[in-house]
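User: I would like a close look at a single part of this model. Please keep it plain, since I am new to this.

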Amino acid sequence: MLELKHALWELEKVVDIVQLDNFFQIYLGKKGLLNEEFKVMIDLAPEAKKERGAQLSEIKTKLTEAYEAKQQHFKMGQINEQLEKDLVDISLDATTQHGSYSILAEVRRDAEEICKSMGFVMEYGTEVVTKFENFESVNIPLTHPATEMHDTIYLNDKDPRGENLILRTHTSSMQNYLIKKYGLPLKAVVPGRTYRFENMDASHDTMFYQMEGIVIDKDISVAHFKEMITKLLSALLHKNVETRMRPWYFPFVEPGFEIDVRYEVYNKETGKKELSNWMEILGAGMIHPNVLKEAGVDATQWSGFAFGVGISRLAAVRYGIKDIRYFTNGDLRFAKSFA
Ligand code: PHE
């Protein structure tokens with residue numbers, strides 16, 4: 001006589017889809033045991049027939065459920081197996097395939113490492129800034145013609161004051177934030193992208209990389225700046241450089257300078273070493289008291305300097321590239337020659 005327990009135990013032993021089919025034929029198929037039992041039942045006395053009928057129905061339901069569950073299990077197994085087979089390995093073999101940093105990224109990363117080793121803290125800041133951060137916090141009132149010095153790219157979104165947000169035109173926009181965040185004394189750099197609505201040419205692009213440096217402490221003088229910037233630029237350019245300061249106007253410094261560098265170069269024709277031309281490389285100066293005051297600093301107690309160096313400019317000098325538009329125009333011949 002067919003027993004549920006026994007049938008389930010048989011099902012338990014099934015290990016693949018072929019065995020499962022056999023099981024079905026034996027127990028649940030048209031000519032299977034269950035149907036046989038139903039046939040035999042017809043000859044029983046009414047009471048016994050009713051009892052056995054109920055038993056068999058229960059067996060049929062339970063067994064079908066268990067069979068279907070097992071069938072589902074095997075199907076999932078098959079699907080997973082197929083998926084495994086179809087799996088495409090999208091990882092590249094690191095030993096044979098490798099990209100490389102663009103030279104801009106390389107020079108920026110190098111600059112970050114050098115500055116960190118010189119004790120600067122580093123922040124990237126944000127590229128979208130308020131007019132306060134970009135102008136007023138660095139002593140450029142919004143009505144001042146100096147705002148026109150930077151052709152600014154405006155965004156539709158507004159700051160809490162209701163002013164349009166802008167793309168930072170210089171990394172000096174992070175000075176106020178850095179002073180407030182880190183307090184004093186402060187020695188920090190901000191490398192990052194800056195944007196100006198420029199007519200593009202060999203030395204101007206609408207997006208360019210700058211690195212802001214800011215140092216504030218007691219009794220900081222121009223002499224500290226000159227010494228530090230000469231060391232920093234020598235490290236950044238991988239050359240021993242000589243620096244020269246020319247007076248220049250930036251609203252957020254007083255006095256302000258532009259810094260030129262020159263260094264020894266090898267003249268192939270004469271076979272002799274000679275000095276390169278002076279090359280303008282950054283803007284700098286002693287931080288204007290108004291900038292300190294705006295950040296809540298007592299300008300009678302503290303002083304400091306700030307500088308903004310063009311990273312594209314550095315990369316151009318380091319690799320002798322005449323046109324900075326190559327850095328971002330995606331020309332693979334250029335990129336590959338530095339890979
Ligand atoms: N922010 C200036 C520029 O973009 C550079 C600068 C930075 C000058 C810090 C002085 C001090 O041209």
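In the hairpin of β3 and β4, which residue takes a positive phi? Please take me through the sheet around that hairpin, then through helix α5 and the cavity.

Analyst: Keep in mind that this is a predicted model. The residue is Gly162, with a positive phi near 90°. Five residues lie between the two strands of that hairpin.

Now the sheet. Strands of a sheet pair through backbone hydrogen bonds, either parallel or antiparallel. Here the sheet is open and has three strands, in the order β2-β4-β3. The pairing is antiparallel. The edge strands are β2 (128–129) and β3 (154–158), and each of them pairs on one side only.

Take the two pairings in turn. β3 and β4 run antiparallel and are joined by two bridges. Lys158 has Asn164 of β4 as its bridge partner. On the other side, β2 pairs with β4 (residues 164–167), again in the antiparallel sense and over two bridges. There, Val128 has Leu167 of β4 as its bridge partner.

How well covered is β3? Hardly: among its five residues, the count of buried ones is zero.

Next comes helix α5. It covers residues 103–117, which makes 15 residues. At 1.5 Å a residue, the helix should span 21 Å. Its end C-alpha atoms are 21 Å apart, so the expected span and the model agree.

Which parts of α5 are buried? They are Ile103, Leu104, Ala105, Val107, Arg108, Ala111, Glu112, Ile114 and Cys115. Here is a useful rule for reading that list. An α-helix has 3.6 residues a turn, so residues three or four places apart point the same way.

The buried residues of α5 have several packing partners. Among the strands, they pack against β1 (121–122), β5 (186–195) and β6. Among the helices, they pack against α8 (222–237), α10 (311–319) and α11 (332–337). After α5 comes Gly119, whose phi is also positive, near 90°.

Leu104 leads us to the cavity. It is buried in α5, and it also helps line the largest cavity. Rolling a probe the size of a water molecule over the atoms shows where empty space is left. The structure holds one cavity of 30 Å³ or more. The largest cavity has a volume of about 50 Å³.

Its other lining residues are Asp205, Met207, Phe208, Tyr209, Ser312, Ile324, Phe327 and Thr328. Strand β6 (residues 207–217) gives the largest share of the lining, three residues. By type, the lining divides into six nonpolar residues, two polar and one charged.

Technical notes: Residues numbered from 1 in each chain as written. Predicted model: local features only at pLDDT ≥ 70, side-chain atom pairs only at ≥ 80, totals over all residues. Heavy atoms only, no water. 1 Å grid on protein atoms, 1.4 Å probe; cavity = no way out; pocket = protein on both sides within 12 Å on 5 of 7 lines; lining within 4 Å. Points joined across faces, edges and corners; volume = space filled by probe spheres on them. Helix = DSSP H or I, 4+ residues; strand = E, 2+ residues; numbered from the N terminus. Nonpolar A, V, L, I, M, F, W, Y, C, P; charged D, E, K, R; others polar. Expected span 1.5 Å × (residues − 1). Buried < 20%, exposed > 50% of the residue type's maximum accessible area, 1.4 Å probe, protein only. Contact = heavy atoms within 4.5 Å. Pairing = 2+ DSSP bridges.
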